[in-house]
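Me: I have a new structure to go through with you, and I would like to take it slowly. Could you start with the terms before we get to the details?

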Amino acid sequence: MGETVRELSYSQAIQEAMAIAMEADERVILMGEDIGVYGGAFQVTGDLIERFGPDRVMDTPISELGGAGVAVGAAVTGLRPIFEFQFSDFATLGMEQIVNQAAKMRFMLGGEVSVPVVMRFPAGSGTGAAAQHSQSLEAWLAHVPGLKVLQPATAHDAKGMLLAAIADPDPVMIFEHKLLYKMKGPVPEGHYTVPIGKAQIRREGKDLTIVATSIMVHKALEAAEILAGEGIDIEVVDLRTIRPIDRETVIESVKKTSRLLCVYEAVKTLGIGAEISALVAESEAFDYLDAPIVRLGGAEVPIPYNPELEKAAVPQVPGIVAAARDLVKGVR
């Protein structure tokens, strides 16, 4: 008998993953601001406090540094905490615990200690939350050895990657774009994992590789359908994990298409697109390139509150179409 697959939203898939992990292992606990009685700022934890009680679904004080520190300490003592930052922007307040403690502890103690903590970050623009609640800061944490950094783009991957992260012995940071929470997709019942560090080719093509992350995967796929009507065949690679990066999938795709466009919501400068560009430039794929590598990232501004300016500050489908068309037709 085959597995049962249902349509779930991205947030439902995350909640299901947490429930499965908590049922299977009493060491798995949830922590974060308003995740208990309120069910989370984006209602992702939902009714888990009713199912597992306040000892395992814990509302923390409004102190990201303190909450993250307790989560790291809990992981060191043998628990498997999942800590939710209410917004990814608030990672700035917990950087000491993330960067100096969680990421370094195994190294500094000679491999004798692991820190199996998962931290979840609702991220990105599109909700009118303005400059302090709309940032995409994943590249910050991806710069830190000792951390794994994930950006699942589908409900299927949101569940499978979270379950993989919970089982991982090291700290895993998961950035969840807020606009994805209501997006539905097929999700198998029960326990399954999606491998950390493995990209997914979402659409095969021969004329141009678009490497995208998070919400931009869906925008790239939409752009690819538009360009298909013009006879331009786009390959879309969903990076899924930005540390560690799946070099092989990216390199092989670029060798096939001879062109590369990197699309991501975070500010263009020093973003994940720069790392992908360097990775290709330093590999054998460089000799296959028929055009310059192009990065399409966010504007060099804080995210505006005004809805039209907010849209203008991050890549949208028309911009992806234009950049891809120019690359394939040799305009650049």
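Reply: Let me begin with exposure: a residue is called buried under 20% relative accessible area, exposed over 50%, and partly exposed in between, with a 1.4 Å probe and protein chains only as cover. This is a predicted model, in which local features need pLDDT of at least 70 and side-chain atom pairs count only at pLDDT 80 or more, while totals for chains, interfaces and linings use all residues. Residues are numbered from 1 along each chain as its sequence is written, and side-chain values use heavy atoms, with hydrogens and water left out.

Me: OK, so F107, is that buried or exposed?

Reply: F107 is exposed, because its relative accessible area is 73%. The residue sits in helix α5, which covers residues 105-108; helices here are DSSP runs of H or I with at least four residues, strands are runs of E with at least two, and both are numbered from the N terminus.

Me: Which residues form a nonpolar patch with F107?

Reply: M108 and L109 join F107 in a nonpolar surface patch, and together the three have about 400 Å² of accessible area. Such areas come from the Shrake-Rupley method with a 1.4 Å probe, and for residues only the protein chains shown count as cover. A patch takes residues with over 30% relative accessible area and no salt bridge, joining like charges within 9 Å and nonpolar side chains (Val, Leu, Ile, Met, Phe, Trp, Tyr) within 5 Å.

Me: You mentioned salt bridges, so how many are there by the rule used here?

Reply: The count comes to 18 salt bridges, where a salt bridge is a side-chain nitrogen of Lys or Arg within 4 Å of a carboxyl oxygen of Asp or Glu. As background, side chains of opposite charge can pair when their charged atoms come close.

Me: What does E16 pair with?

Reply: E16 forms a salt bridge with R6, with the closest N and O atoms 2.8 Å apart. This pair links distant parts of the chain, since E16 is in helix α1 (residues 10-24) and R6 is in strand β1 (residues 5-9), 10 residues apart. E16 also meets K159 in a salt bridge, at 2.7 Å from N to O, and here helix α1 is linked to helix α7 (residues 155-167), with the two residues 143 apart in sequence. E16 and R6 are buried, and K159 is buried too.

Me: And R202, which residue does it bridge to?

Reply: R202 forms a salt bridge with D238, the closest N and O atoms being 2.9 Å apart. The pair joins strand β9 (residues 200-203), which holds R202, to strand β11 (residues 234-238), which holds D238, and the two are 36 residues apart. R202 is partly exposed, because its relative accessible area is 29%, whereas D238 counts as buried because its relative accessibility is 0%. Both belong to a network of salt bridges that also links D157 and R240.

Me: Switching topic, which residues of helix α10 are buried?

Reply: In helix α10 (residues 272-281), the buried residues are I272, G273, I276, S277, L279 and V280. Seen down the axis of α10, they fall within an arc of 160°, so they line one face of the helix; the arc is that of the directions from the helix axis to the C-beta atoms.

Me: What covers them?

Reply: The cover includes α6 (138-142), β10 (208-212), β12 (241-243), α9 (247-257), β13 (260-267) and β14 (294-298), and contact means heavy atoms within 4.5 Å.

Me: Where is S88, and what does it touch?

Reply: S88 lies in the loop between β4 (80-84) and α4 (95-102), and it is buried because its relative accessible area is 0%. Leaving out residues up to four places away in sequence, S88 touches F121, P122, A123, Q135, L137 and F175.

Me: Last one: which residues have a positive phi?

Reply: Among them are A130, with phi near 70°, and L270, with phi near 60°. A130 is in the loop between β5 (118-123) and α6, and L270 is in the loop between β13 and α10. A130 is partly exposed because its relative accessible area is 22%, while L270 is exposed because its value is 74%. For context, most residues other than glycine have a negative phi, and most peptide bonds are trans. A cis peptide bond joins R243 and P244, with omega about 0°.
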